[in-house]
Amino acid sequence: MKRIMLCALIGATGMTLTACKDKTPFNEIPDFIQGDINQSSYDGITNDLLTAGLGASGLASTTAPAFTDALNPAPAELRRLAIYNNYRALVDTAPGGGYGAFFGPQVGNGGEGWIPGDEYIAYMAVPGTDVPVTVMAQVPESFDPEQPCMVTAPSSGSRGIYGAIGTAGEWGLKKGCAVVYTDKGTGTGSHNLATNTAQRIDGTLTSSEEPVQFRADLTDEQRATFDSAWPDRFAWKHAHSKANPEADWGLHVLQSIEFGFYVLNEKFGRELGNGEILRTINPKNTVVIASSVSNGGGSSVRAAELDTEGLIDGVAVSEPNVNPEVDRSFTIRQGDGSVITEHSRSLLDYTTALAVYQGCANQAPAIAGLAPFNLVAQDIGQNICNSLANKGLVTGAEVADLATDALRILNEEFGIQPEQNLLAPAHFWLNVAQSISYTYANAYGRAGVEKRVCGLSFAATDSSGAVSQLAPADEAALFSASNGIPPSAKVNIVYDGADGQPTSLPLSASPSTNQMDYGLDALLCLRSLAQGSDVVTGEALEGADAELASAIATGIDEVRANGDLQGKPAVFVTGRADAILPINHTSRPYFGLNQRVEGKKSNLRYYEILNAHHLDVLNGLPGIAGRYVPLHHYYFQALDLVWANLTEKQALPPSQVVRAVPRGESAPPLAEANLPAINPAPDAADRIVFTNDQLRIPE
């Protein structure tokens with residue numbers, strides 16, 4: 001019989017989960033729930049769970065829903081815009097990209113895809129921190145208590161509570177399952193240090209002392225002192241909570257499942273004569289799939305590793321952010337290519353390398369004329385190359401040579417696949433590596449906003465890059481518009497140590513060069529903290545830098561995944577061209593580690609999709625649309641496969657490379673020919689195998 005038994009995880013903290021008590025679980029509000037549970041019902045006509053009343057056409061519209069009063073949006077308006085933005089951030093809704101044909105609210109659901117049902121949202125506590133984590137359960141009207149099912153939907157990236165609405169949320173709701181969400185201790189959670197304004201659980205703003213998603217751990221006096229020195233700055237939940245939330249992502253997911261069971265039994269449990277509710281929906285009779293994408297996928301993987309009592313039945317994730325424990329007893333090889341031994345680098349390790357070198361690598365002849373949205377100004381890229389050369393970090397006679405060396409360093413020394421090279425310049429322009437490097441360095445090191453790690457902070461900026469106040473209407477919309485990791489929703493990364501004055505990072509000149517080089521000095525500082533030594537001199541860090549680097553290393557150790565899925569049926573799908581979470585450090589080595597740990601008991605399957613990458617939303621853009629297929633389609637296939645395995649005992653197909661076909665330069669509408677199915681009996685030439693201490697990946 002499956003039970004939630006998290007007592008061993010948190011018993012030392014004094015907190016007790018409902019399931020650890022000497023009574024039937026799920027009949028009482030779990031002890032970790034803080035404050036009230038807010039419940040809303042949606043009729044599927046004027047509003048709904050999946051599309052917030054926008055329907056499939058509204059989600060596809062390029063016109064975002066507006067607020068009646070821009071300065072005081074109602075909670076329902078904030079929710080609607082949050083669902084609109086979060087859905088479109090992960091799913092390509094552009095015409096011809098598969099929306100409405102292969103995926104979307106209306107596919108298999110009819111009409112506009114509205115889903116009526118109930119939504120429950122609350123704060124929950126996590127041992128070791130007083131920063132609240134948001135949890136939510138959605139129960140569609142189609143939920144069948146006689147055949148109950150549940151899907152986890154922790155947010156992708158650093159997004160808020162609706163961050164997985166278009167991925168695990170859509171699939172689960174259309175299947176008639178309860179869907180349980182958590183922001184994983186990330187989310188909007190912004191704190192305006194000038195005004196003391198923060199977001200309530202519904203996204204509305206308050207400056208009063210009441211429960212909010214996040215406030216920095218500063219007294220009023222400390223906040224005033226900080227604001228005097230560094231005015232108009234923001235603290236952000238993921239970066240500045242001093243909690244290293246990623247270390248508890250698995251626990252967040254397990255708690256969300258228990259919350260889901262409580263909600264289901266409140267709604268469907270049989271009432272006894274003494275007023276108590278008899279548990280009628282429980283882990284024994286409920287199919288539970290741990291799911292989501294990116295950071296959310298990694299969270300569900302960690303939950304499955306922690307779930308030694310069998311709460312979770314299966315796992316289906318896409319492009320999971322997993323930092324596998326380093327095991328160099330096995331290697332990775334793609335086709336007849338080089339043997340990769342230095343796999344399993346941490347997120348902060350490879351991301352700070354991208355932040356430092358990619359701006360120069362963008363100028364390499366091999367990608368300069370081919371990579372779409374290679375939009376960082378050429379002179380800034382050249383400045384980055386020259387600065388790296390002056391510091392002895394790249395070599396070459398001309399800028400093209402320096403850039404080629406930077407690209408070589410990323411591909412050969414850091415194990416970043418060449419298939420990712422064409423997307424990396426667009427990601428650099430979008431500040432992906434820069435934002436991850438700064439946020440995660442803070443989070444891993446448990447550094448508060450007052451530390452201003454590497455002289456960086458968060459603030460709105462004007463067109464010149466100078467710090468400015470965030471417009472009141474923009475701040476009112478943060479809950480709906482932010483992805484939780486600035487630059488986002490007009491809040492940017494500011495280099496306080498820039499030459500001249502604090503300046504937004506892309507427009508910053510480094511003090512060591514007095515030239516605009518994307519604040520390279522700050523990025524080198526983050527890289528040094530990640531590797532634990534001065535990246536330029538190679539010398540050991542000293543003083544506060546050494547202490548912070550040590551804390552960061554400890555924080556990274558806390559998030560490492562152990563590879564033990566307890567024999568659960570599990571599916572990973574990952575795009576070979578993933579330019580955010582390089583496959584040689586995430587999905588590939590996790591699969592190898594799992595084979596090492598579980599051996600013949602492993603039920604993990606790994607499907608690597610050609611011509612697919614991390615951010616499907618970019619597939620609607622020219623230059624990208626014709627080259628890549630939606631990984632989202634294969635994620636839904638993964639869920640279907642795990643569902644069929646759990647409910648119909650269908651075998652999971654062997655691990656394999658799936659040879660998806662790009663649409664071509666003119667990007668005609670996506671067709672079935674572009675999306676070959678995961679093969680139940682793949683050819684030997686397509687199979688991914690672990691043999692002789694090596695993970696072998698076909699070309």
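A residue is called buried when its relative accessible area is under 20%, exposed when the value is over 50%, and partly exposed in between (1.4 Å probe, protein chains only). The structure above is a predicted model, in which local features need pLDDT of at least 70 and side-chain atom pairs count only at pLDDT 80 or more, while totals for chains, interfaces and linings use all residues. Residues are numbered from 1 along each chain as its sequence is written, and side-chain values use heavy atoms, with hydrogens and water left out.

**Exercise 1. A pair within a helix**

Task: Classify Arg302 and Glu305 as buried or exposed, and state how the two side chains meet.

Solution.
Step 1. The relative accessible area of Arg302 is 13%, so Arg302 is buried.
Step 2. Glu305 has a relative accessibility of 6% and therefore also counts as buried.
Step 3. A salt bridge requires a side-chain nitrogen of Lys or Arg within 4 Å of a carboxyl oxygen of Asp or Glu. The side chains of Arg302 and Glu305 meet in such a bridge, at 3.6 Å from N to O.
Step 4. Helices are DSSP runs of H or I with at least four residues, strands are runs of E with at least two, and both are numbered from the N terminus. Arg302 and Glu305 are separated by about one helical turn because they stand three residues apart in helix H8 (residues 295–306).
Step 5. An α-helix has 3.6 residues a turn, so residues three or four places apart point the same way.

**Exercise 2. A second helical pair**

Task: In which helix do Asp220 and Arg223 lie, and is each residue buried or exposed?

Solution.
Step 1. Both residues belong to helix H5, three residues apart, about one turn of the helix.
Step 2. Their closest N and O atoms are 3.8 Å apart, and the two form a salt bridge.
Step 3. Asp220 is exposed, at 53% relative accessible area, whereas Arg223 is buried, at 14%.

**Exercise 3. A pair between loops**

Task: Where in the chain do Lys242 and Asp217 lie?

Solution.
Step 1. By the rule of Exercise 1, the count comes to 23 salt bridges. In one of them, the side chains of Lys242 and Asp217 meet at 3.7 Å, N to O.
Step 2. This pair links distant parts of the chain, 25 residues apart: Lys242 is in the loop between helix H6 (237–240) and helix H7 (249–268), and Asp217 is in the loop between strand E8 (205–206) and helix H5 (220–229).
Step 3. Lys242 is partly exposed, with a relative accessible area of 28%, while Asp217 counts as exposed at 55%.

**Exercise 4. The largest nonpolar core**

Task: Which residues touch the most other members of the largest nonpolar core?

Solution.
Step 1. A nonpolar core is a set of buried Ala, Val, Leu, Ile, Met, Phe, Trp, Tyr and Cys residues joined through side-chain atoms within 4.5 Å.
Step 2. Of the 77 residues in the largest core, Tyr357, Leu388 and Leu456 touch the most other members.
Step 3. Helix H9 (residues 347–361) gives the most to this core, with 10 residues.
Step 4. Another core, of 64 residues, lies apart from it, and includes Tyr42, Ala56, Ile121 and Leu670.
Step 5. Contact means heavy atoms within 4.5 Å. Leaving aside neighbours within four places in sequence, Tyr357 is in contact with Leu388, Leu393, Val394, Ala406, Ile409 and Leu410.

**Exercise 5. Checking a helix length**

Task: Compare the expected span of helix H20 with the distance between its end C-alpha atoms.

Solution.
Step 1. The expected span is 1.5 Å times one less than the number of residues in the helix.
Step 2. For the 18 residues of H20 (residues 631–648), this gives 26 Å.
Step 3. The end C-alpha atoms are 25 Å apart, which agrees.
Step 4. H20 is largely enclosed by the rest of the structure, because 15 of its 18 residues are buried.
Step 5. After H20 comes Lys649, whose phi is positive, near 60°.

**Exercise 6. Backbone angles in loops**

Task: Describe the backbone at Pro487, Ala489 and Cys454.

Solution.
Step 1. The peptide bond from Pro486 to Pro487 is cis, with omega near 10°. Pro487 is in the loop between helix H16 (478–481) and strand E19 (492–495).
Step 2. Ala489 is found in the loop between H16 and E19. Its phi is near 50°, a positive value in a residue other than glycine, and Ala489 is partly exposed at 23% relative accessibility.
Step 3. Cys454, with a positive phi near 55°, lies in the loop between H14 and strand E17 (456–461). Cys454 is buried, at 14% relative accessible area.
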